[in-house]
Amino acid sequence: VNLLVLSMFGFLRIRLDSEQLFWSFGLLGWPSWRLSMQDIAAVEVCETQWYEGKGIRFTREGMLYNAAGRGAVRITKKDGSQFRLGSAEPEVLCRHLNQIIALS
């Protein structure tokens, strides 16, 4: 059971291109989510709190998708809702997202 859970949620894969942000958990790429770059209003580096844990969590700041560490990127959508993506290199992810948003 532990190996199954680890293979499903052991790491978070984040990909982006000029049109969309895509993130998924584990080896199978499930569960997965997509967001159009046109729906993103703002992006900033932030940290998760130790008590927010790992995995898919509902927090007071919105959804948190995190597999390891405390670094994250807070994404504010144009509708005002927010979510956070955990990342080992949140500054790099934030920079790339901001570059793509500026071009679109």
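**Strand pairing around strand 6 and the state of two cysteines**

T59 has G62, a residue of strand 6, as its bridge partner. The structure described here is a predicted model. Strand 5, which covers residues 55–59, pairs with strand 6 in the antiparallel sense, and 5 bridges are found between them. The connection from strand 5 to strand 6 is a hairpin of 2 residues.

Strand 6 also pairs with strand 8, formed by residues 82–86. This pairing is in the parallel sense and extends over 3 bridges. Within it, Y65 stands opposite L85 of strand 8. Strand 6 thus has an antiparallel pairing with strand 5 and a parallel pairing with strand 8. Strand 6 itself, spanning residues 62–66, is mostly covered, with 4 of its 5 residues buried. In a regular strand, side chains point alternately to the two faces of the sheet.

The cysteines were examined next. A search of the whole structure finds 0 disulfides. C46 takes part in no disulfide, and the nearest cysteine sulfur, that of C94, lies 9.1 Å away. A disulfide is a covalent bond that links the sulfur atoms of two cysteines. The cut-off for such a pair is a sulfur separation within 2.5 Å. Because the sulfur of C94 is 9.1 Å from the closest cysteine sulfur, in C46, the separation is too far for a bond.

Both residues have low accessibility values: C46 is buried, with a relative accessible area of 10%, and C94 is buried as well, with a relative accessible area of 9%. Each value falls under the 20% limit for a buried residue.

Definitions and conventions: Residues are numbered from 1 along each chain as its sequence is written. This is a predicted model: local features need pLDDT of at least 70, side-chain atom pairs count only at pLDDT 80 or more; totals for chains, interfaces and linings use all residues. Side-chain values use heavy atoms; hydrogens and water are left out. Buried means under 20% relative accessible area, exposed over 50%, partly exposed in between (1.4 Å probe, protein chains only). Two strands pair if DSSP finds at least two bridges between them.
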